[in-house]
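Q: I would like to learn how to read burial, contacts, cores and sheets from a set of coordinates. Can we work through one example together?

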Amino acid sequence: PGYGGDSSRVQDQLRHVQQISATGRAFAATLADGSVITWGHADSGGDGSGVQDQLRNVQQISATGRAFAAILADGSVVTWGNPDRGGDSSGVQDQPR
């Protein structure tokens, strides 16, 4: 549990899982409907509530040691987790695609 292994808080939401990604202390599961469920340490991406409304039509998730990046169907990217480790992409959100 100390490294994000306790999924009891979200266990009932973990249905139709297509992919699971992990940081050092958190997990992100992409569901069949393109939504994402997160758990584990908040400072490592285990709390995705700040971007939950943006995590729709997720195609792929990549991770660093403490942050996640999700690619959406429209090609945009949503990040969360430790802002010093890649969890804050606000500085490049206006860059051309």
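A: Yes. Keep in mind that this is a predicted model. Start with burial: asparagine 82 has 12% relative accessibility and therefore counts as buried, because the cut-off for buried is under 20%.

Q: Where is asparagine 82 found relative to strand 6?
A: Asparagine 82 is in the segment after strand 6, which covers 77-81.

Q: Which backbone atom does the side chain of asparagine 82 reach?
A: A polar contact is a pair of N or O atoms within 3.5 Å. Here the side chain of asparagine 82 reaches the backbone nitrogen of aspartate 84, at 2.8 Å.

Q: Which residues does asparagine 82 touch, not counting those up to four places away in sequence?
A: With that exclusion, asparagine 82 touches Asp43, Arg66, Ala67 and Gly87.

Q: Now cores. Which residues make up the largest nonpolar core?
A: It has twelve residues: Ala26, Ala28, Val36, Val51, Leu55, Val58, Ile61, Phe68, Ala70, Leu72, Val78 and Trp80. At least two residues each come from strand 2 (26-31), strand 4 (58-63), strand 5 (67-72) and strand 6. Strand 5 gives the most to this core, with three residues. Apart from this core lies another, of six residues, among them Leu14, Ala29, Ile37 and Trp39.

Q: Which residues does leucine 72 touch, beyond four places in sequence?
A: Leucine 72 touches Gln54, Arg56, Asn57, Val58, Gln59 and Val78, leaving out residues up to four places away.

Q: What about glutamine 59: which strand holds it, and which residues is it in contact with?
A: Glutamine 59 lies in strand 4. Setting aside neighbours within four places in sequence, glutamine 59 is in contact with Gln19, Ile71, Leu72 and Ala73. Its side chain also reaches the backbone oxygen of asparagine 57, at 3.2 Å. Then check a C-alpha separation: glutamine 59 and threonine 30 are 29 residues apart along the chain, and their C-alpha atoms are separated by 8.2 Å.

Q: Next, the sheet. In what order do the three strands stand?
A: Three strands form an open sheet in the order 1-2-3, with antiparallel pairing.

Q: Why is one side of strand 1 and of strand 3 left without a neighbour in the sheet?
A: Strand 1 (17-22) and strand 3 (36-40) stand at the edges, and each has a single partner strand, so one side of each has no neighbour in the sheet. On average, neighbouring strands of this sheet are turned by 20° against each other, direction ignored.

Q: How many bridges link strand 2 and strand 3?
A: Strand 2 and strand 3 pair over five bridges, in the antiparallel sense. For a residue-level view, look at phenylalanine 27, which stands opposite tryptophan 39 in strand 3.

Notes
Residues are numbered from 1 along each chain as its sequence is written. This is a predicted model: local features need pLDDT of at least 70, side-chain atom pairs count only at pLDDT 80 or more; totals for chains, interfaces and linings use all residues. Side-chain values use heavy atoms; hydrogens and water are left out. Helices (H or I, at least four residues) and strands (E, at least two) are DSSP runs, numbered from the N terminus. Buried means under 20% relative accessible area, exposed over 50%, partly exposed in between (1.4 Å probe, protein chains only). A polar contact is a pair of N or O atoms within 3.5 Å; within protein, one must be able to donate a hydrogen and the other to accept it, and residues adjacent in sequence count only if both atoms are side-chain atoms. Contact means heavy atoms within 4.5 Å. A nonpolar core is a set of buried Ala, Val, Leu, Ile, Met, Phe, Trp, Tyr and Cys residues joined through side-chain atoms within 4.5 Å. Two strands pair if DSSP finds at least two bridges between them. Axes are lines fitted to C-alpha atoms, for helices over the stretch in contact, and angles run from 0 to 180 degrees between N-to-C directions.
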